[in-house]
Amino acid sequence: MLNEATRDFIRRHLDADVRQLALQGGRDPEVDFPIALEQIAGRQKARTKIPSWAAIDGIVYPPHLSMEQCSSEQTARYKAEIAGKGNLFVDLTAGFGVDAAFISKGFTKAVCVEQQAHLCAISSSNYPFLGLSHVSIVCGDATDYLHHMDHADLLFIDPARRDVHGGRTFGIADCTPNVLEMMDEMKAKADRILIKLSPMLDWRKAVDDIGRGVSSVHIVSVDNECKELLIEVQKGECEGVRIVCVNLLSNGGREVFDFLPGSPDSSIHRPLSAVHYLYEPNASIMKAGCFELIAERFGLCQLEHNSHLFVSDTEVTDFPGRCFVIDRITSMNKRDLKEALTGIGRANIAVRNFPMTVAELRKRLKLQDGGEVFIFATTVANEGHRLFVCRKKS
């Protein structure tokens, strides 16, 4: 897809500032300058988003928007774990092809369907470099291909979450293609279906909308930022829907918490004078909303139903989120605040179920941002508004 002069220019400027290069302009007529800039920017983005691809000379990258929208290597590898192994895998909305590349490694054959011709051309160029000779690229419409495809072990679909005007959509029925309209036919054509949806979507409504066959929901975060919602569907009825909250970490680790909806609503209560640790759930837990179950499973006290913070008297080392050591707990009384904040000039402030914004509270407390101190402003059941002055557990 690229001539040798353009490839050579890209190699020589891989670490250059793309904006500065653009100002200099193209000087060699044999270099496709706009494409070269696009490829340099794409490879720089891939170093953090798809590092194993960035290490391969010859991989071609799509325009900026496709690079922003494609899955990261971390989330693609996680989807490959869910997908498992089989004979035929079909990705009905392949895009740039990151998810398909990782998932397809577990299958004997794979088909990537994509309606944008330039993305099909890019995947056709890239996949040989990735050792994916068993993957076929089909330029076409997902719904049309579904009508005529062979039976597959796994179907994957990632519907576009923007309408014709470019605005974001979050309901399944508002995405393109409409997965709900395709569901019966997908179930007839595959043993399992894996659907990728916006992390903004309410997973409970998504399960209700899809109806029979939902076996699991995966709420996937990367470094505590919620990235995607994955729904696994199979033929027939399921005994229960397993909810998996996973936070993938840059250091290669992960935090996982799974449960079946309908667990008992319970919480353990302790006086604040007896607590020494505060816990903030990761983004996937917050999205799942399983706070009573978190309290029950880890033996924690939930400060208040809508605060989503937990405390304990002894440390819980495997909590799926951040742990802090509580140094002081104070009311909003002026004298109490002065005593609790003596010697503190800066702090990281968070508010949970509290009547002030971070900016308003920071101004009230006269504290600069940053430092080693963390202040959680929240509401405690039967005790009102409280500030927890903490330091992060090392």
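Which side chain does a polar contact of 2.9 Å join to that of Glu292? The tour comes to that at its second stop. The model on screen is a predicted one.

**Whole chain**

Start with everything shown as a cartoon. The chain has 15 helices and 16 strands. Its C-alpha atoms fill a box of roughly 70 × 60 × 40 Å along the principal axes. Colour the 394 residues by burial, and 51% of them count as buried.

**Glu292**

Select Glu292, which sits in helix α13, residues 291–298. Show its side chain together with that of His305: these two are the pair joined by the polar contact of 2.9 Å. Glu292 is buried but has no salt bridge. To check this, add Arg204, the nearest side chain of opposite charge, which is 7.6 Å away. A salt bridge needs a side-chain nitrogen of Lys or Arg within 4 Å of a carboxyl oxygen, so the distance of 7.6 Å to Arg204 does not qualify.

**Helix α6**

Next, select residues 73–83, which form helix α6. Is this helix mostly covered or mostly open? It is mostly covered, with eight of its 11 residues buried. The buried ones are Glu73, Thr75, Ala76, Tyr78, Lys79, Ala80, Ile82 and Ala83. An α-helix has 3.6 residues a turn, so residues three or four places apart point the same way. Just after the helix comes Gly84, with a positive phi near 70°.

**Lys79 and Glu228**

Keep Lys79 selected and add Glu228. Their side chains meet in a salt bridge, 2.4 Å from N to O. The pair links distant parts of the chain, since Glu228 is in strand β7 (residues 225–234) and Lys79 is in helix α6, 149 residues away. Are the two partners buried or exposed? Lys79 counts as buried because its relative accessibility is 0%, and Glu228 also counts as buried, at 3%.

**Two further salt bridges**

The structure holds 25 salt bridges. For another, select Asp15 and Arg47, whose side chains meet at 2.8 Å, N to O. Asp15 lies in the loop between α1 and α2 (18–24) and Arg47 in helix α3, so the pair ties together parts 32 residues apart in sequence. Asp15 counts as exposed, at 66% relative accessibility, and Arg47 as partly exposed, at 38%.

Then go to Glu383 and Arg386, which form a salt bridge of 3.9 Å, N to O. Glu383 is partly exposed, with a relative accessible area of 33%. Arg386 is buried, because its value of 19% falls under the 20% cut-off.

To finish with charged pairs, select Lys79, Asp99, Asp158, Lys196 and Glu228 together: salt bridges that share partners join them into one network.

**The cavity**

Now run a cavity search. How many cavities of 30 Å³ or more does the whole structure contain? The search finds one. It holds about 100 Å³ of space. Select its lining: Leu2, Arg7, Ile10, Arg11, Gln39, Arg43, Asp57, Gly58, Ile59 and Tyr61. Helices α1 (4–12) and α3 (33–49) are the elements that give two or more residues to this lining. α1 gives the most, with three residues. By class, the lining has four nonpolar, two polar and four charged residues.

**Ser104**

Select Ser104, in the loop between α7 (98–103) and β2 (107–114). Ser104 is buried, with a relative accessible area of 0%. Its side chain reaches the backbone oxygen of Ala100 at 2.8 Å.

**Backbone angles**

The last stops concern the backbone. Zoom in on the peptide bond from Thr176 to Pro177, which is cis, with omega near -5°. Pro177 lies in the loop between β4 (152–157) and α10 (179–189).

Then select Asn224, in the loop between β6 (214–222) and β7. Its phi is near 70°, a positive value in a residue other than glycine. Asn224 counts as partly exposed, at 36% relative accessibility.

End at Lys366, in the loop between α15 (358–365) and β15 (368–380). Here phi is near 60°, again positive in a residue other than glycine. Is Lys366 buried or exposed? Lys366 is exposed, with a relative accessible area of 73%.

Key:
Residues numbered from 1 in each chain as written. Predicted model: local features only at pLDDT ≥ 70, side-chain atom pairs only at ≥ 80, totals over all residues. Heavy atoms only, no water. 1 Å grid on protein atoms, 1.4 Å probe; cavity = no way out; pocket = protein on both sides within 12 Å on 5 of 7 lines; lining within 4 Å. Points joined across faces, edges and corners; volume = space filled by probe spheres on them. Helix = DSSP H or I, 4+ residues; strand = E, 2+ residues; numbered from the N terminus. Nonpolar A, V, L, I, M, F, W, Y, C, P; charged D, E, K, R; others polar. Buried < 20%, exposed > 50% of the residue type's maximum accessible area, 1.4 Å probe, protein only. Lys, Arg positive; Asp, Glu negative; His and termini not counted. Polar contact = N/O pair within 3.5 Å; in protein donor to acceptor, adjacent residues only side chain to side chain.
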